[in-house]
Amino acid sequence: MHTAETVTLTRLPSGVPVQTTVHTYEPADGTDGPTLYVQAAQHGREINGTEVLRRLHGHLERAELSGRVVAVPVADPLTFDRVSYVTPEVLDSVNSNMNRVWPGDPDGSLHQRMAATLWEYISDADAIVDLHTGSPDMLTHTVYLRGDEASRDLARAFGVDILLAEAAGDEADDEWTERSFDGKLRVAATSAGIPSITPELAHNKQLVEPAIVAGVEGVLNVCRDMGILSGAVEPWDGRTYRNHLGRVQAAASGLFVAREDVALAREVRPGDHLGWVYDPTTYEVLQEVEAERAGLVYSIAREATVTAGETLVGIALPLDDGESDIEGDDPFDDADESGDLDI
């Protein structure tokens with residue numbers, strides 16, 4: 001059985017409501033079972049997740065369910081309408097990024113109120129899939145909170161090859177606090193005892209078929225794993241990496257030119273040359289971009305105009321299965337560090 005509910009998330013100064021649709025799929029006979037909450041487009045330019053939920057609609061309408069799926073295809077209409085990552089300052093000068101304010105505040109800023117409204121659905125769920133997308137040149141992967149076994153198992157059930165375990169709180173680097181990462185939906189929900197994952201389906205602003213297919217199959221796998229749908233889930237056979245620590249950032253603002261032989265899914269070692277940042281007016285090379293740690297290239301900045309501190313190349317640092325909650329040895333420590341890419 002499927003129902004669709006129009007929900008008012010908040011109101012603009014003029015009184016115009018900011019609304020979205022919440023879809024609920026549940027057994028027609030009222031059988032009780034686990035609940036999965038899935039949402040997309042917290043960041044409005046990240047549209048592949050919205051298409052994932054549209055395609056899932058047909059599957060779930062026809063399926064015999066043994067539990068509930070609650071789906072929100074557009075979690076943030078304010079950014080969706082502007083094809084943007086955050087809202088303009090005039091709309092929410094305090095919290096422009098919705099994914100920094102969970103579980104929200106019914107008396108707070110616009111984004112806090114919107115999050116609080118959706119949290120009413122989230123708090124009743126047994127698991128959460130928060131669909132996102134990354135930059136145009138990024139490997140599809142799933143992020144979960146490091147050390148939370150239930151969230152790790154949920155990420156494995158989703159089924160993509162690459163998982164990123166994200167350290168939190170005191171275990172994280174300074175950026176965690178500086179960027180208010182404790183207000184991410186995945187973090188707030190996991191802290192509330194609800195296993196949660198963030199699949200990053202790659203690409204934004206464009207519908208990309210492989211990413212969409214991975215998202216559809218991933219959510220169906222989670223439904224099977226939870227017993228909402230019948231069927232077995234293939235054993236996960238991927239690899240887990242650390243999130244954030246491997247990113248190579250711009251030391252200066254300018255234009256970034258990546259080496260032609262830098263590609264996604266390539267392994268790199270410390271000292272490998274990845275590209276250049278140069279001054280567009282004087283042509284002076286401002287930075288020889290190099291990998292600082294060994295790992296797997298999972299994102300490459302293709303928008304060449306960069307500012308200091310911006311991520312140029314994302315490098316996932318390997319994390320052995322037995323080290324999911326501790327710092328482990330670098331498996332490339334004994335590798336050749338000649339400075340050349342091993343491709």
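The paragraphs below lead through a predicted model, beginning with strand β5 and its partners and moving on to the cores, a buried asparagine, and the other strands.

A good place to begin is strand β5, which covers residues 127-130. From this strand A127 and V129 point one way, while I128 and D130 point the other way, and all of them are buried. This fits a general pattern, because in a regular strand the side chains alternate between the two faces of the sheet. Strand β5 has partners that can be followed in turn: strand β3, residues 35-39, is joined to β5 by four bridges, and the two run parallel, with Y37 standing opposite I128. Strand β8, residues 196-200, also runs parallel to β5 and is joined to it by two bridges, and here I128 stands opposite S196.

Which residues have the most contacts inside the largest nonpolar core? This core has 36 residues, and those with the most contacts inside it are L36, V129, L131 and V219. Several elements each supply at least two residues of this core, among them the strands β3, β4 (68-72), β5 and β7 (162-166), together with the helices α1 (48-62), α4 (149-158) and α7 (209-226). The largest share, eight residues, comes from α7. If neighbours within four places in sequence are left aside, V219 is in contact with L36, V38, V52, L56, V129 and F158. A second, separate core of 24 residues includes Y37, L110, A115 and W119. As a general background to such groupings, nonpolar side chains in soluble globular proteins tend to be buried together.

Helix α1 also holds N48, which deserves a closer look. Is N48 buried or exposed? Its relative accessibility is 0%, and because buried means under 20% relative accessible area, N48 counts as buried. Not counting residues up to four places away in sequence, N48 touches T133, L201, A202, H203, Q206, L207, V208, A211 and I212. The C-alpha atoms of N48 and G215 are separated by 8.3 Å, although these two residues lie 167 residues apart along the chain.

Strand β7, already met as a supplier of the largest core, has a pairing of its own to follow. Four bridges join β7 to strand β9, residues 239-242, and these two strands run parallel; within this pair, L164 has Y241 as its bridge partner in β9. Strand β9 then pairs in the antiparallel sense with strand β17, residues 311-319, over three bridges, and T240 stands opposite L319 in β17.

Further along the chain, four strands form an open sheet in the order β14-β13-β11-β16, with antiparallel pairing. At its edges stand β14 (285-290) and β16 (305-306), and because each has a single partner strand, one side of each is left without a neighbour in the sheet. Strand β13, residues 273-278, is joined to β14 by five bridges, and G275 stands opposite V289 in β14.

Another member of this sheet, β11, covers residues 254-258 and contains V257. With a relative accessible area of 36%, V257 is partly exposed, which means that its value lies between the limits of 20% for buried and 50% for exposed. Together with W276 and V285, V257 makes a nonpolar surface patch of about 220 Å².

Terms used: Residues are numbered from 1 along each chain as its sequence is written. This is a predicted model: local features need pLDDT of at least 70, side-chain atom pairs count only at pLDDT 80 or more; totals for chains, interfaces and linings use all residues. Side-chain values use heavy atoms; hydrogens and water are left out. Patches are made of residues with over 30% relative accessible area and no salt bridge: like charges are joined within 9 Å, nonpolar side chains (Val, Leu, Ile, Met, Phe, Trp, Tyr) within 5 Å. Accessible areas come from the Shrake-Rupley method with a 1.4 Å probe; for residues, only the protein chains shown count as cover. A salt bridge is a side-chain nitrogen of Lys or Arg within 4 Å of a carboxyl oxygen of Asp or Glu. Buried means under 20% relative accessible area, exposed over 50%, partly exposed in between (1.4 Å probe, protein chains only). Two strands pair if DSSP finds at least two bridges between them. A nonpolar core is a set of buried Ala, Val, Leu, Ile, Met, Phe, Trp, Tyr and Cys residues joined through side-chain atoms within 4.5 Å. Contact means heavy atoms within 4.5 Å.
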